[in-house]
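I opened my notebook to look through one protein, entry by entry. Here is what I looked up, in the order I went.

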Amino acid sequence: MLKKKVEAICNRQVEREGYSMNLYLAMASWAEVNGMAGVAGWLYAQAEEEKLHMLKFIRYINERGGKAVIPAFQKPPVDFKDVETMFRDVFET
């Protein structure tokens with residue numbers, strides 16, 4: 001049985017992974033429409049990885065008798081000055 005404190009921590013991580021996924025998707029979309037297909041491809045792959053992390057936490061919680069909570073995710077930024085600034089801002093977050 002999953003302790004409530006551990007369940008809460010894991011559910012917080014579900015939220016973090018989901019936000020990261022959406023942030024990478026927003027950055028990938030921005031890069032794609034600005035003609036940076038290689039950067040976009042790499043960012044889409046990162047978004048997929050974050051999704052997999054989120055799903056692992058959801059399954060971990062549920063399989064151990066807890067209840068995974070799928071939160072609303074904060075909307076990530078959708079416009080960026082340039083690639084360097086975009087990554088600098090992400091590292092500061």
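**Entry 1: overall layout**

Reading along the sequence, I get the pattern α-α-α. My count is three helices and zero strands; helices (H or I, at least four residues) and strands (E, at least two) are DSSP runs, numbered from the N terminus. A note to myself on the ground rules: this is a predicted model, where local features need pLDDT of at least 70, side-chain atom pairs count only at pLDDT 80 or more, and totals for chains, interfaces and linings use all residues. Residues are numbered from 1 along each chain as its sequence is written, and side-chain values use heavy atoms, with hydrogens and water left out.

I laid the C-alpha atoms along the principal axes, and they fill a box of roughly 50 × 20 × 20 Å.

**Entry 2: surface and charge**

I looked up burial next: 31% of the 93 residues count as buried. Buried means under 20% relative accessible area, exposed over 50%, and partly exposed in between (1.4 Å probe, protein chains only). The protein exposes about 6,200 Å², and carbon and sulfur atoms supply 56% of that area. Accessible areas come from the Shrake-Rupley method with a 1.4 Å probe; for residues, only the protein chains shown count as cover.

For charge I found 13 positive and 13 negative side chains, with the centres of the two sets 11 Å apart. Lys and Arg count as positive and Asp and Glu as negative, while His and the chain ends are not counted. Each charge is placed at NZ of Lys, CZ of Arg, CG of Asp or CD of Glu.

**Entry 3: the helices**

I checked α1 against its expected span, which is 1.5 Å times one less than its number of residues. For the 30 residues of α1 that gives 44 Å, and its end C-alpha atoms are 44 Å apart, so the two agree. After α1 I noted G35, which has a positive phi near 80 degrees.

I gave α2 the same check: its 27 residues reach 39 Å from first C-alpha to last, close to the 39 Å expected. α2 is followed by G65, whose phi is also positive, near 85 degrees. G65 is found in the loop between α2 and α3, and it is partly exposed because its relative accessible area is 47%. From G65 to A28, 37 residues apart along the chain, I get 36 Å between C-alpha atoms.

Which residues of α2 are buried? I listed A40, L43, Q46, A47, E50, M54, I58 and I61. Their cover includes α1 and α3 (83-92). L55 also lies in α2, but L55 counts as partly exposed because its relative accessibility is 27%. The C-alpha atoms of L55 and Q74 are 18 Å apart, with their positions 19 residues apart along the chain.

**Entry 4: the core and contacts**

I looked for the largest nonpolar core and found 20 residues, with M27, L43, I61 and M86 having the most contacts inside it. The elements that give two or more residues to this core are α1 (4-33) and α2 (37-63). Ten residues, the largest share, come from α1. Such a core is a set of buried Ala, Val, Leu, Ile, Met, Phe, Trp, Tyr and Cys residues joined through side-chain atoms within 4.5 Å.

Contact means heavy atoms within 4.5 Å. Among contacts between residues at least 6 apart in sequence, 74% join residues at least 24 apart. Leaving aside neighbours within four places in sequence, M86 is in contact with M27, W30, L43 and F80.

**Entry 5: three residues of α1**

I started with A31, which sits in helix α1 and is buried because its relative accessible area is 0%. Beyond four places in sequence, A31 is in contact with M36, V39, A40 and L43. A31 and M86 are 55 residues apart in sequence and 10.0 Å apart in space, C-alpha to C-alpha.

Is E17, in helix α1, buried or exposed? E17 counts as buried because its relative accessibility is 8%. With neighbours within four places left out, E17 is in contact with E50, H53, M54 and F57.

N11 is in α1 too, and it is buried because its relative accessible area is 12%. Not counting residues up to four places away in sequence, N11 touches I61, K67, A68 and V69.
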